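Got the viewer open and a selection box ready? Let's walk through this one stop at a time, picking something to select at each step.

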Amino acid sequence: MAEVHPLIKSELLPPGPPERRHLISIADLTRDDVERLLGLARIFSRSLEREVKKLPTLRGRTVVNLFYESSTRTSSSFELAAKRLSADVMSIKATGSAVDKGESLKDTALTIGAYDPDVVVIRHPHIGAPGLVARYTAAHVVNAGDGTHQHPTQALLDLFTIEEELGGIEGLHVAIVGDVLHSRVARSNIQALTLMGARVTVVGPPPLIPRGIEVLGCEVSYSIDAIRAADVVYVLRMQRERMLEGANYVPSLREYSARWGVTADRVRAGQKVMHPGPMNRGVEIDPEVADAADALIERQVRAGLVVRMAVLYDLLTHGPVEVKVAEIEEVA
Ligand code: ASP
């Protein structure tokens, strides 16, 4: 006789919205998606105020962090985010792994896939690496930075920080200043900020501003004075490791900081200053600005944890968000 399968409660619920499998680019998200993720991050930030900070929500799930480029903030916050949600976490760095022995990304993805991870978080110097992992594993893939292309969770944590500090994003003016050419953070942030209704001006010397960047919805200025008009000054790192050898983007770092560095006399009182880290103090940002009360840099790091908890949670749960939110609140 065929076994009778008992109906479980979830089978009685109407089907949820189609599953979103990966977070590879800000372009994957609608404004509603961003609002939902920021809302979830707000709920998770309340859980950080509790004495016991761990939530049981992702118990039994496996998250693999695969980092082919150096990282402090992103790798540690993804690891802690997964742990705070009670998932099992495995963190693999390219150095010291079989990648050192010449293993291809495809073979590494197939190897990791054999453990049936639920999520693979990947950082890689090549554009498109997250898409390749998505092809060769059944996991949800989160892009933690692919070359100069995208860093979507950075943009989400920046939105979260701005919203918490300034009460909203719509109508704000953000100046993104510095090495836009090599910056995945700039690309993701221009898309995310304009999606949420902010005005964005990219500012820097012509060789460091990609031609045609305006198609992303931003304005361009080649004058450092343009940062004064903004509500938020977002400083980018000079990405020397991505600069082609022999190319003269700027005459020298000393000259760059003299002409383009964000110094105390170039910002207005009350203007918020952000930086994704790691900072080159004294190059793109003056230590006096980085350590001032209006700098949101540490708050960005704190936001990184709750936003990455929200992203992992959102990718791994289905169905009506309200129900799931109520579940978290119950445990919180
Ligand atoms: N940490 C950021 C990134 O990985 C910014 C930077 O490295 O300058 O893109």
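## Start with the whole chain

Put the chain in cartoon view: there are ten helices and nine strands. Bear in mind that this is a predicted model. Of the 332 residues, 51% count as buried. Switch on a surface and you are looking at about 15700 Å² of accessible area, with 52% of that belonging to carbon and sulfur atoms.

Now for contacts along the sequence. Take the pairs that are at least 6 residues apart: 73% of those contacts join residues at least 24 apart.

## Into the cores

Select F44, L156, L159, I176 and L193 and show their side chains. These residues have the most contacts inside the largest nonpolar core, which has 62 residues. Which helix gives this core its largest share? Colour residues 297–316: that is helix 9, and eleven of the core residues come from there.

Apart from that core lies another one, of 23 residues. To find it, select L208, W260, V262 and V273, which are among its members. As background, nonpolar side chains in soluble globular proteins tend to be buried together.

## Helix 1 against helix 9

Keep helix 9 coloured and add helix 1, residues 31–47. The two pack at an angle of about 120 degrees, and their axes are 8 Å apart. Helix 1 and helix 9 are therefore oblique to each other, and their crossing is right-handed.

For the contact residues, select R36, L37, L40, A41, F44, S45 and S47 on the helix 1 side. They meet V306, V307, M309, A310, V311, Y313 and D314 in helix 9. You've seen F44 already: it is one of the residues with the most contacts inside the largest core.

While you're here, click R46, which also lies in helix 1. Is R46 buried, exposed or partly exposed? Its relative accessibility is 43%, so R46 counts as partly exposed. Draw a C-alpha to C-alpha distance from R46 to V306 and you should get 9.3 Å, although 260 residues separate the two in sequence.

## Two more helix pairs

Next, select helix 5 (residues 152–166) and helix 6 (residues 184–195). Their axes come within 8 Å and cross at roughly 50 degrees. That makes helix 5 oblique to helix 6. This crossing is right-handed. From helix 5, pick P152, Q154, A155, D158, L159 and I162; they meet V185, S188, N189, A192 and L193 in helix 6. L159 and L193 both appeared in the list of residues with the most contacts in the largest core.

Then go to helix 3 (residues 105–113) and helix 4 (residues 129–136), which pack at about 45 degrees with axes 9 Å apart. Helix 3 and helix 4 are therefore oblique to each other, and helix 3 passes helix 4 in a right-handed crossing. Here L105, K106, A109 and L110 from helix 3 meet A129, L132, V133 and Y136 from helix 4.

## Backbone stops in the loops

Time to check some torsions. What is the peptide bond from G277 to P278, cis or trans? Select the pair and read off omega: the bond is cis, with a value near -5 degrees. P278 lies in the loop between strand 9 (272–274) and helix 8 (287–290).

Now S86, in the loop between helix 2 (73–84) and strand 2 (88–93). Phi of S86 is positive, about 70 degrees, although this residue is not a glycine. At 15% relative accessibility, S86 counts as buried.

D116 also has a positive phi without being a glycine, near 55 degrees. You'll find D116 in the loop between helix 3 and strand 3 (119–124). D116 is exposed, with a relative accessible area of 59%.

## Last stop: D179

Finish in the loop between strand 5 (173–177) and helix 6, where D179 is found. Its relative accessibility is 0%, so D179 counts as buried. What does D179 touch, leaving out residues up to four places away in sequence? Select L208, L236, R237, M238, Q239, M243 and Y256 to see those contacts. L208 should ring a bell, as it is among the residues of the 23-residue core. For one more distance, draw D179 to V203: the C-alpha atoms are 8.9 Å apart, with the two positions 24 residues apart in sequence numbering.

Definitions and conventions
Residues numbered from 1 in each chain as written. Predicted model: local features only at pLDDT ≥ 70, side-chain atom pairs only at ≥ 80, totals over all residues. Heavy atoms only, no water. Helix = DSSP H or I, 4+ residues; strand = E, 2+ residues; numbered from the N terminus. Buried < 20%, exposed > 50% of the residue type's maximum accessible area, 1.4 Å probe, protein only. Contact = heavy atoms within 4.5 Å. Areas by Shrake-Rupley, 256 points an atom, 1.4 Å probe, with all protein chains shown as cover. Core = buried A, V, L, I, M, F, W, Y, C linked by side-chain atoms within 4.5 Å. Axes fitted to C-alpha atoms, helices over the stretch in contact; angles between N-to-C directions. Parallel < 35°, antiparallel > 145°, perpendicular 65-115°, else oblique. Left-handed = near helix turned anticlockwise from the far one by under 90°.
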